[in-house]
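Please open the model in your viewer and keep a selection tool at hand. The tour below moves from one selection to the next and describes what is found at each stop.

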Amino acid sequence: MTIGVLALQGAFREHCRMVEHLGAQAVEIRKPEQLKAVAGLIIPGGESTVIGKMMTDWGLMDKIKERAGQGMAIYGTCAGMILLAQDIIDSEQPRLGLMDIVVQRNAFGRQQESFEADLYVPEFGEAPVRAVFIRAPFIEGVGPEVEVLASVKEKIVIARQGNLLATAFHPELTDDDRIHRYFLSMLKE
């Protein structure tokens, strides 16, 4: 199985390492034609406005939407979650708009308010998931098709809608592979 990792900004190499650790092949994606060969796509963190502009300028935006419509699974972390959202509070930035969620950018505060927390996610077993939040967003509202998987500080930070998965934090910065493992299992459904 081949997983694409959008390699425009952020910790894309760490996502690639996690995917390969789980036995799948990881491919760094920078061009629309590269999306043809992947079963799923990970959109890492970074600056969502910059990534959205680059995706538009490089012709990736429409191609990702097309592949998502064909059933390709997409996992967005932090900025990737923002880019998946249909609505972003107080922002008209470019976005994929695929997931029926309303997102607040930098919702937990600035860089110095970044934090780590243990999340209890029943889908991943009894052990908590260590989550690294860096200038993190959160989900303020979800549509009826969206399944909320976890919250922190009463804010939604993991959600799934069909072939789409979003986290407000960076699991690639830890040794816990359960979220990536969950994403790969979505490709087999």
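Begin by selecting histidine 170, which, leaving out residues up to four places away in sequence, touches Gly45, Cys78, Val132 and Ile134. Bear in mind throughout that this is a predicted model. Histidine 170 sits in the loop between β12 and α5, and with a relative accessible area of 8% this histidine is buried.

Move one step along to proline 171, which belongs to the loop that runs between β12 (164-167) and α5 (178-186). Proline 171 has a relative accessibility of 2% and so counts as buried. If you display the contacts of proline 171 and set aside its neighbours within four places in sequence, you should find Met18, Tyr75, Thr77, Asp176, Ile179 and His180. For a longer-range reference, add alanine 117 to the selection: the C-alpha atoms of proline 171 and alanine 117 are separated by 11 Å, although the two residues are 54 apart along the chain.

Next, select the two cysteines, 16 and 78, and show their sulfur atoms. Which cysteine sulfur is nearest to that of cysteine 16, and how far away is it? The count of disulfides in this model comes to 0; the nearest cysteine sulfur to that of cysteine 16 belongs to cysteine 78, at 18 Å, and cysteine 16 is in no disulfide. Seen from the other end, the closest cysteine sulfur to that of cysteine 78 is in cysteine 16, and the 18 Å between them is too far for a bond, given that a disulfide requires sulfur atoms within 2.5 Å. Cysteine 16 has a relative accessibility of 8% and therefore counts as buried, while cysteine 78, with a relative accessible area of 4%, is buried as well. Cysteine 78 is also one of the residues touched by histidine 170, where the tour began.

Now colour the largest nonpolar core, which contains 69 residues, and pick out Met55, Phe133 and Ile158, the residues that touch the most other members. Centre the view on isoleucine 158, whose contacts, apart from neighbours within four places in sequence, include Leu119, Val121, Phe124, Leu149, Leu165, Phe169 and Ile179. Ile179 deserves a second look, being in contact with isoleucine 158 and also with proline 171.

From Met55, turn to helix α2 (residues 48-57) and helix α3 (residues 60-69), whose axes come within 5 Å and cross at roughly 90°. Are these helices roughly parallel or roughly perpendicular to each other? At that crossing angle, α2 and α3 are roughly perpendicular. To see the contact itself, select Gly52, Met55 and Thr56 of α2 together with Leu60, Met61 and Ile64 of α3. By class, the contact of α2 with α3 is made up of 4 nonpolar and 2 polar residues, with no charged ones.

Finish with two loop residues whose backbone angles merit inspection. Aspartate 90, in the loop between β5 (85-88) and β6 (99-104), has a positive phi of about 55° although it is not a glycine, and its relative accessible area of 82% makes it exposed. Lysine 153 lies in the loop between β10 (147-152) and β11 (155-161); its phi is near 50°, again a positive value in a residue other than glycine. With a relative accessibility of 56%, lysine 153 likewise counts as exposed.

Methods:
Residues numbered from 1 in each chain as written. Predicted model: local features only at pLDDT ≥ 70, side-chain atom pairs only at ≥ 80, totals over all residues. Heavy atoms only, no water. Core = buried A, V, L, I, M, F, W, Y, C linked by side-chain atoms within 4.5 Å. Buried < 20%, exposed > 50% of the residue type's maximum accessible area, 1.4 Å probe, protein only. Contact = heavy atoms within 4.5 Å. Axes fitted to C-alpha atoms, helices over the stretch in contact; angles between N-to-C directions. Helix = DSSP H or I, 4+ residues; strand = E, 2+ residues; numbered from the N terminus. Parallel < 35°, antiparallel > 145°, perpendicular 65-115°, else oblique. Nonpolar A, V, L, I, M, F, W, Y, C, P; charged D, E, K, R; others polar.
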